[in-house]
Amino acid sequence: MPAHDLRSTRLVGIVETQTRDFDVVVWGATGFVGRLTAQHILEHYGTSFPWALGGRSETKLSAVRDALTAETGVDASGLPLIVGDAADATFMRGLAERTRVACTTVGPYALYGSELVAACAATGTHYCDLTGEVFWMGRMIDAHQDQAQASGARMVHACGFDCIPADLGVFFVQQAMKARHGVPGKRVKLRVAGFKGGASGGTAASAINMLEEQSRDPEVRRRNEDPYAINPRGRRNGPDDPDSFRIAWDADFGQWTGPFIMANVDTRVVRRSNALLANAYGPDFRYEEAMLMGRGPFGFVKALGLATALRVGMAAMTVGPVRRAAASRMPAPGEGPSRRVREAGYWDVRLLAEHPSDSSETLRARLTGDRDPGYGSTAKMLAESAICLARDSLTSSGGIHTPASAMGEALLDRLQQNAGVTVQIEGP
Ligand SMILES: NC(=O)c1ccc[n+]([C@@H]2O[C@H](COP(=O)([O-])OP(=O)(O)OC[C@H]3O[C@@H](n4cnc5c(N)ncnc54)[C@H](OP(=O)(O)O)[C@@H]3O)[C@@H](O)[C@H]2O)c1
């Protein structure tokens, strides 16, 4: 793959006036998805702009740098290595001061992510991550939103499979609704038509840590269950209900539906987008997600099986010994799906926006990704988010954002050009 010269892409935003050594630091480059993220940047952009690899072990970082050269055929030997610990506030501040964008895959974020968020908010450093930890996003928003607004740092959680397809999918279909009908949809449904992939140790560790925190602190559970948990202060209410594990017949899609496991993250991010975009989707906007499970008795049984498995699984995981036994059987940190599994993977989501007054004027959209959702595709989405924050001419102000509110169209363009994502309106 040829290296692209980033200097020819759109201009940088608010941090441009400051002198930084790097446009992007991939923090956590020794981890499973961090390494894939670095690989995407190297394959697509080479070393045409200053960027660096970061982590806690120089030996591991150096080995990753050598492996990246071997895997991509692009010489990575000049990439600087930044070595330190995520818990060291002074080190994290120094890292933030040296880069336009901190792109982090060091998770579980609730355990290892807070110092970097604080440092970026304080230093006006743009930031993107892969967290799906709603309670932690809420903590970061409460603690750092004001400072990020003041410093001009555009800080974006959830730049992977959760929650870019949902967040940018809704952004896209609502823009199309407005262009076609002059109004946003009053309600948007996202339906997952399919996906194929595997799980990594980091994802397993994040899920287990979230359950541990929930079991220790009822406030964490309350926040995770609140449908408006990460909306701005004073705007944490609206027409949507808490998530349910129910199954339903969806006449719009002609299929039975079951619960989608990421819905409790995606829906929060989409609702925050609406709030940050000045209610661009409407003050009473409603949003929900589900999995398409097929038609007839077979679809019904599949939907019921999924809902039952999730309900039983979630209940079992609230029991400490069960949780710990499950954790011991999950992939270890650093492990994840093979290249073959990643390349054979895909994701496919459908959206339907309902017109506020004319039920015949619905609009449908489809988004797909060409790799497994959690790693192959996620790494490309995260890498392009970092490049977008570093290089594109964005109009959003500083603050703790969502992908749609920070980057919107610019990121949609990048994902379609460079990340194997397709986005289209379906039907007439
Ligand atoms: N949003 C999504 O769709 C999505 C998809 C995939 C993953 N994720 C999330 O992304 C995160 C990473 O996943 P992963 O599978 O890549 O995890 P991983 O392989 O375990 O990688 C974790 C990284 O964090 C580093 N690290 C851990 N503690 C550190 C510390 N104290 N200081 C500095 N670095 C430290 C590790 O360094 P060492 O190599 O030295 O141990 C490694 O580079 C997880 O939180 C996961 O849930 C989200």
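**Figure 1. Packing of helix α7 against helix α16 in the predicted model.** Helix α7 spans residues 164-181 and helix α16 spans residues 408-418; the two pack at an angle of about 110°, and their axes lie 10 Å apart. Because angles of 65 to 115 degrees count as roughly perpendicular, α7 is described as roughly perpendicular to α16. The crossing of α7 past α16 is left-handed. On the α7 side, the contact is made by I164, L168, F171, F172 and Q175. On the α16 side, G408, E409, L411, L412 and L415 take part. By class, the residues of this contact comprise 7 nonpolar, 2 polar and 1 charged.

**Figure 2. Surroundings of the buried residues of helix α16.** The buried residues of α16 are G408, A410, L411, L412, R414, L415 and N418. Their packing partners are the helices α1 (32-45), α7, α14 (373-391) and α15 (403-406), together with the strand β14 (421-426). Of the buried set, G408, L411, L412 and L415 also belong to the contact with α7. Just after the end of α16, G420 adopts a positive phi of about 70°.

**Figure 3. Cysteines C159 and C388 outside any disulfide.** The structure holds 0 disulfides. For C159, the nearest cysteine sulfur is that of C128, at 5.2 Å; a disulfide would require the two sulfur atoms to be within 2.5 Å, so this pair does not qualify. C159 counts as buried because its relative accessibility is 0%. For C388, the nearest cysteine sulfur is that of C159, 9.3 Å away. C388 is likewise buried, with a relative accessible area of 0%.

**Figure 4. Environment of L394 in the loop between α14 and β13.** L394 is placed in the loop that joins α14 to β13 (399-401). Its relative accessible area is 11%, and L394 is therefore buried. Leaving aside residues up to four places away in sequence, L394 touches R154, C388, L389, A406, M407 and A410. Among these neighbours, C388 is the buried cysteine of the preceding view, and A410 is one of the buried residues of α16. G185 lies 209 residues from L394 in sequence, with a C-alpha to C-alpha distance of 25 Å.

Terms used:
Residues are numbered from 1 along each chain as its sequence is written. This is a predicted model: local features need pLDDT of at least 70, side-chain atom pairs count only at pLDDT 80 or more; totals for chains, interfaces and linings use all residues. Side-chain values use heavy atoms; hydrogens and water are left out. Axes are lines fitted to C-alpha atoms, for helices over the stretch in contact, and angles run from 0 to 180 degrees between N-to-C directions. Helices (H or I, at least four residues) and strands (E, at least two) are DSSP runs, numbered from the N terminus. Angles under 35 degrees count as roughly parallel, over 145 as roughly antiparallel, 65 to 115 as roughly perpendicular and the rest as oblique. A crossing is left-handed if the near helix is turned anticlockwise from the far one by less than a right angle, and right-handed if clockwise. Contact means heavy atoms within 4.5 Å. Ala, Val, Leu, Ile, Met, Phe, Trp, Tyr, Cys and Pro count as nonpolar, Asp, Glu, Lys and Arg as charged, and the others, Gly among them, as polar. Buried means under 20% relative accessible area, exposed over 50%, partly exposed in between (1.4 Å probe, protein chains only).
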